[in-house]
Amino acid sequence: MTQPLAIGTTLQNYRIVRLVGGGGMAWVYQVEELPAGSGRLWALKELRPQTQDQAEQAVARGLFEQEAKLLRDMDHPNIPKIASFFEVDGRAYLVMEFIWGESLEKRLTSTNAPLLETDVLKWAIQLCDALQYLHTRKPPIIFRDMKPSNVMVTNTGHVKLIDFGIARTYKIGKKRDTVAMGSENYAAPEQWGKGQTDARSDVYALGATMYHLLANMAPTPAFLPSEPLPLANYNGAVSRPTVAIVEKSMARDRKQRFQSAPEMRQALLAALPGPYVAPAEVVAVHTPPPAAQPAPRQAPAPQPAVSHPAQAPAP
């Protein structure tokens, strides 16, 4: 089992501030850009596959490099920005925007209950914006791994789509994906070797993510014959329009789903009880510690009593 890098370690012009998480295929650290005090904090992702199998290591390295390549030229408020990609002593590192927040998976765990419908709708609207951006790239990018653990949310309600490790470009005329990959409770039926994934596959995964957030229960995997239990079985407070959105986006037949992220976004806006206001984005800026204040002057220590009455006391 590999160990994370020590706090204070410097890699190129980044110094490790703290370990954020990881341990499976990668470690994630918070790092400060050097020279120290420049003010910018980043997330450093270090590829560290916990396996001795050379083939598995090669696959992990390929996915890591693919993530860096896909993110390199992206510029969208709901997708992390990339600062650098480099190698040190044969290990690969990806430096990206640090997100002040937590994953929706952690939000579910800490709440241990279905999340508020209005919050879920607002997050889903932002995720539709991110998906539309990806799907309109040339060539289109299919994310393929939408799920609560891959969505970060800040305290202002701003969301970021993370982990592009299994994202792929859409290829016109191809019958199916080269490699069937995905997370079983969220991947569309066609993602399991039955066809090439497209924009509607990401729509399915977003619907499955909403299902999990609103039910506090992951939906039945799409490769099983049984359909997920109705959302109302877990949360009867969810409005009919929202239930309809989840059901339509998760249709096993992709022709019955929303045909694009913008189409799904329009339905989400209609289901929202009030006008939608985009949340403010939080930038990871290092706040230097306050300047040291001079120590307060201390009163002079009490002096012993003087025995000679004519002598003045010591000042």
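Start by selecting residues 14–22 and 26–33, strands β2 and β3, which run antiparallel and are joined by 7 bridges; strands here are DSSP runs of E with at least two residues, helices are runs of H or I with at least four, and both are numbered from the N terminus. Two strands are said to pair if DSSP finds at least two bridges between them. This is a predicted model, in which local features need pLDDT of at least 70 and side-chain atom pairs count only at pLDDT 80 or more, while totals for chains, interfaces and linings use all residues. Residues are numbered from 1 along each chain as its sequence is written, and side-chain values use heavy atoms, with hydrogens and water left out.

**The N-terminal strands**

Within this first pair, pick out Gly21, whose bridge partner in β3 is Val28. Then step back to residues 10–11, strand β1, which pairs with β2 in the antiparallel sense over 2 bridges; here Leu11 has Tyr14 of β2 as its bridge partner. β1 and β2 form a hairpin with 2 residues between them, and Gln12 in the turn has a positive phi of about 55°.

Moving on from β3, select Leu34 and Pro35, which are joined by a cis peptide bond with omega of about 5°; Pro35 is found in the loop between β3 and β4, the latter being residues 41–47. Most residues other than glycine have a negative phi, and most peptide bonds are trans.

**Around Asp89 and Arg91**

Next select Asp89, in the loop between β5 (82–88) and β6, where phi is near 55°, a positive value in a residue other than glycine. Asp89 counts as exposed because its relative accessibility is 78%, given that buried means under 20% relative accessible area, exposed over 50%, and partly exposed in between, with a 1.4 Å probe and protein chains only. Arg91 lies in strand β6, residues 91–97, and counts as partly exposed at 30% relative accessibility. Show Glu46 together with Arg91: they are 45 residues apart along the chain, and their C-alpha atoms are separated by 7.4 Å.

**A three-stranded sheet and a helix across it**

Now select β7, β9 and β10, which form an open sheet of 3 strands in that order, with antiparallel pairing. Its edge strands are β7 (102–103) and β10 (159–161), each pairing on one side only. β7 pairs with β9 (residues 151–153) in the antiparallel sense over 2 bridges, and Glu102 stands opposite Val153 in β9.

Add helix α3, residues 117–135, which lies across β9 and β10 and runs at about 35° to β10; such angles run from 0 to 180 degrees between N-to-C directions, with axes fitted as lines to C-alpha atoms, for helices over the stretch in contact, and contact means heavy atoms within 4.5 Å. In the loop between α3 and β8 (141–142) is Pro139, joined to Lys138 by a cis peptide bond with omega of about 0°. Beyond β10, look at Asp163 in the loop between β10 and β11 (168–169), where phi is near 65°, again a positive value in a residue other than glycine.

**Salt bridges**

For the next stop, display the charged side chains: a search of the whole structure finds 18 salt bridges, each being a side-chain nitrogen of Lys or Arg within 4 Å of a carboxyl oxygen of Asp or Glu. Arg265 forms one with Asp129, the closest N and O atoms being 2.6 Å apart. This pair links distant parts of the chain, with Arg265 in helix α6 (residues 261–271) and Asp129 in helix α3, 136 residues apart. Asp129 is buried, with a relative accessible area of 19%.

Select Lys147 and Asp145 next, a salt bridge whose closest N and O atoms are 3.9 Å apart; both residues are buried. Arg200 and Asp198 meet in another salt bridge, at 2.7 Å from N to O, and here Arg200 is buried at 18% relative accessible area and Asp198 is buried at 12%. Extend the selection to Glu190, Arg254 and Arg257, which are linked with Asp198 and Arg200 in a network of salt bridges.

**The whole chain**

Finally, zoom out to the full chain, whose secondary structure comes to 6 helices and 11 strands, and of whose 315 residues 44% count as buried.
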